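Here is a set of questions and answers to work through with the structure open beside you. Take your time with each one, and rotate the view as you go.

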Amino acid sequence: MIKVDTKYYNSPFFAILSEDQLYRIHSASLEILERTGMDVHNKEALEILGDAGAYIEGKRIKIKPAMVEKALASAPSKIVITGRNGNGKVLLERNVVNYGLGTDVPKQIDPYTHEVRLTVLKDIENIGKVVRTCDNVDFNSYAGLASDVEPELQDLYHFKACNTYCDKPYFTTAANGANMKALIDISAMFAGGYEKLRSTPSLIVYQEPVSPLVLGKESAEVLLTCSEYGIPIVFPPMVQMCATGPATLAGALAQGSAETLFCLVLHQLKNPGSPFIWGPYVSQMDMKTTISTYGGPVLMKSQAALGQLSRFYNIPTFGFACCTDSSDIDVQCGVEMFWSAFVNALSGLNLCHDIGYMNSGLIFSLESILLSDEIIGAVKFFMEGIEVNDDTLALDLIDRVGPSGNYLAEEHTLQYFKREGWYPKYMNKKTYEVWVRENKRSVKEKLEVRVHEILEEEAPSLISKEEKKEIDAIIKERQKAVLEAV
Amino acid sequence: MGCVKEIAGALIAGDADEVKKFVKAAVEDEVDPQTILDQGLIAGMDVIGAKFKASEIYVPEVLVSARAMHSGMELLEPLLAKTGVRARGTVVIGTVKGDLHDIGKNLVCMMLKGAGWKVVDIGVDQPAESFVETAQKEDADVIGMSALLTTTMVNMKQVVELATIKDCNAKIMIGGAPLTQSFADEIGAQGYAPDAATAVEVANGLL
Ligand code: B1M
């Protein structure tokens, strides 16, 4: 007997747009690029685009569809980032979802006093400590802004602090081309040279154009530097519907997509084949409070659409997961974090960042990293789908146990209960009576306890004394250059 | 006098045509232009401002009312100029040096305009000189600064210092996501607003 024509899913699937709707958004982006164009405030970028045949009207650059198609053809569809010591991997390609932290949150919830205060360098070290313990977090980032170092060199200090206890792939911004070069120098030191860094990059860079339709001087510098050195870069515009983009999702997606494609064109012209991660942020400005929303269904709709668009372009894409507009670890935080992680997975986004972001990216906390880790674990479990085969159907077992029997002591149970079940670290699965007897501990309290444990555990520094010295020397050199510039 | 109340009502309803109609009627009735402005237009916008602050209405609705206010102002302005009545106040506003974020600033501008202020928007990435020089040129009551980056908020202090050096007596108001009241106190800014609705109240309070 053979069973024929059976189709098995390894994971659930989901789509928000039809192929024709996708094509219309793509086509609209091309029209924006050719008809409206973008303003570019960087000389090198203007030259590169001009030489390649873009229409130049002063700072306004308009791009032909053929230029976009050429860039799409040369951009890689697969990017691999490995932690600087070979630990941890981010694989950016179709159908692979990676989760990790974001950058630049000005405030932190203090892990001991719970007061919301400015971030300091020590917090960033602690972030690395916590991320190291999170199996479901694929990449690390500094997620804060150290208020106790020179602002011009923050990104360099962040590198050192954030990577002290964690050597997963590192996600970072850079203030300008020179700081970007310094970050590349540091990473090349770990990799054993620039060529090695180019072949196995350990960092991903994040910079942004200015919506609507502007490419700034510094961010273009960073884009071009990364292109030159083959460092993966994500370059998302922040399209806030009603403010920096139309109030309608279709229009906002088309504009965000156009802005990203424009930057891709420039990036690929500088160094064809250099790794680029696609994907704008498109979300709602809340018209009651004027916040730029990081949680809720509007961002999720756009994320779902962007997942599809990126597969259409066959370029790895950017996602926003486990972020919330809430300022506390509360019900809203749980809801928004969970379903963003879930929709990112369902939509097949590749580089899903900003986990643990609270208060629309203005507050961060160590507890929120651990909560994200748990949530991502649940999502991963769901996305593994249902294994259907003779063994999992267990017909012999069902027959043997029969009516009124039980499965508790069965070998099959022992074999499968962990794999087919889900066991959270922090969510409450206790009976009411036991929960009351154990002082009604909330998820939030459990997260706090775990954070304290992690912070108090001895953790070995993953940067050697010699490496620290080299980093310090590179920072010093930049310091000198900054001082000379003023 | 009856028309003045109706101006406020029409403005709250966001009906530009009605606002114009009632302003015209009030002018024909020879109601004092200052009264039309204060008890009609500005009183109406104050209600809108309070509703917005209480999250009862949305930004676009505030802007519709603000537009209605401006259509009333158009009729009133020539009369106000003649009698020497000024706008509620003049504010010079911009985003500080090194900072390109402007949505928050733009919203604050719209709200202040709606509340009857003359707003001079100098744009983003502005050095201290341009805040102070523009304020002196415009004889401004308030200098408003916005910053969204912890790296650029420090530039606000230079504006406060330059204003003192240059004998510019405009009051200073600041805002933007990373800022706090204590930062305002620290740099010697007289006003701080966490959002656009509060910005109007704070600016009014500085007069
Ligand atoms: C005068 O009196 C007053 C009174 C009240 C005032 C006032 C003045 N000004 C504001 N207010 C108050 O009233 C307003 C209305 O209620 C409010 O204004 P807001 O501006 O707060 O609110 C707006 C209505 C909506 N909010 C916004 O428009 C800001 C939203 C977020 C997501 C944001 C955006 C959109 C952008 N960004 Co930027 N951006 C973020 C923001 C995160 C966040 N949640 O705030 C933030 C501010 N950005 C950040 C960063 C790091 C950056 N950004 C950058 C760029 C951009 C874009 C250009 C892409 C875009 C701005 C587009 C534009 N035209 O403005 C870069 C810097 C560029 C530069 N030199 O300025 C870049 C450095 C990123 C990079 N690596 O490229 C972070 C700041 C970190 C810090 N240093 O403090 C950030 C918190 C996001 C994050 N968590 O990473 C109040 O603050």
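Q: Is T90(B), a residue of strand 1 of chain B, buried or exposed?
A: In this predicted model, T90(B) sits in strand 1 of chain B. Beyond its sequence neighbours, T90(B) touches W117(B), K118(B), V120(B), E138(B), A140(B), D141(B) and V142(B). Its relative accessible area is 5%, and the cut-off is under 20%, so T90(B) counts as buried.

Q: How far apart are the centres of domain 1 and domain 2 of chain B?
A: Chain B is divided into domain 1, residues 2-82, and domain 2, residues 90-206. Contact between them involves 11 residues of domain 1 and 10 residues of domain 2. Taken over C-alpha atoms, the separation of the two centres is 26 Å.

Q: Which residue is the only protein donor of the cobalt atom of the ligand?
A: Look in chain B, at the loop between strand 1 (90-96) and helix 5 (103-114). A residue of this loop offers its NE2 atom to the cobalt at 2.3 Å. That donor is H101(B).

Q: Which helix gives the largest share of the largest nonpolar core?
A: The largest nonpolar core has 141 residues, and those with the most contacts inside it are I63(A), F262(A) and L351(A). The largest share of this core is 11 residues, from residues 249-270 of chain A, which form helix 9.

Q: Which residues does I63(A) touch, leaving out those up to four places away in sequence?
A: I63(A) is one of the residues with the most contacts inside the largest core. Among its partners is F262(A), another residue named for its contacts there. The full set is L33(A), E34(A), L49(A), A54(A), V68(A), F262(A) and V265(A).

Q: How many residues are in the second, separate core?
A: This core includes M285(A) from chain A, along with F52(B), L80(B) and V202(B) from chain B. Its number of residues is 50.

Q: Which residue caps the N-terminal end of helix 11 of chain A?
A: Helix 11 covers residues 331-346 and reaches 22 Å from its first C-alpha to its last, close to the 22 Å expected. At its N-terminal end, a side-chain oxygen lies 3.4 Å from the backbone nitrogen of Q332(A). The residue that provides this oxygen is D330(A).

Q: Which elements do the buried residues of helix 11 of chain A pack against?
A: The buried residues of helix 11 include C333(A), M337(A), F342(A) and V343(A). Just after the helix, G348(A) takes a positive phi of about 65°. The packing partners of the buried residues, in chain A, are strand 6 (98-99), helix 10 (297-313), strand 17 (318-320), strand 18 (351-353) and helix 12 (366-383).

Q: What phi does N314(A) take, just after helix 10 of chain A?
A: Helix 10 is mostly covered, with 13 of its 17 residues buried. N314(A) follows in the loop between helix 10 and strand 17, and is partly exposed at 35% relative accessible area. Most residues other than glycine have a negative phi. N314(A), although not a glycine, has a positive phi of about 55°.

Q: What is the relative accessible area of S404(A)?
A: S404(A) is found in the loop between helix 14 (395-401) and helix 15 (411-416) of chain A. Its phi is near 70°, a positive value in a residue other than glycine. S404(A) is exposed, because its relative accessible area passes the cut-off of over 50%; the value is 82%.

Q: What is the omega of the cis peptide bond that joins S211(A) and P212(A)?
A: P212(A) lies in the loop between strand 11 (203-206) and strand 12 (214-215) of chain A. Most peptide bonds are trans. The bond from S211(A) to P212(A) is cis, with an omega of about -5°.

Q: How far apart in space are G102(A) and C323(A), C-alpha to C-alpha?
A: G102(A) lies in the loop between strand 6 and strand 7 (107-109) of chain A, and counts as buried because its relative accessibility is 0%. Its contacts include S141(A), F171(A), H353(A) and Y357(A). Although G102(A) and C323(A) are 221 residues apart in sequence, the distance in space is 9.7 Å.

Notes:
Residues are numbered from 1 along each chain as its sequence is written. Chains are lettered from A and ligands numbered from 1 in the order in which they are written. This is a predicted model: local features need pLDDT of at least 70, side-chain atom pairs count only at pLDDT 80 or more; totals for chains, interfaces and linings use all residues. Side-chain values use heavy atoms; hydrogens and water are left out. A nonpolar core is a set of buried Ala, Val, Leu, Ile, Met, Phe, Trp, Tyr and Cys residues joined through side-chain atoms within 4.5 Å. Buried means under 20% relative accessible area, exposed over 50%, partly exposed in between (1.4 Å probe, protein chains only). Helices (H or I, at least four residues) and strands (E, at least two) are DSSP runs, numbered from the N terminus. Contact means heavy atoms within 4.5 Å. The expected span of a helix is 1.5 Å times one less than its number of residues. A polar contact is a pair of N or O atoms within 3.5 Å; within protein, one must be able to donate a hydrogen and the other to accept it, and residues adjacent in sequence count only if both atoms are side-chain atoms. Donors are N, O and S atoms within 2.8 Å of the metal (3.2 Å for Na, K and Ca); water is not among the atoms, so sites may look incomplete. Domain bounds come from an automatic or database domain assignment.
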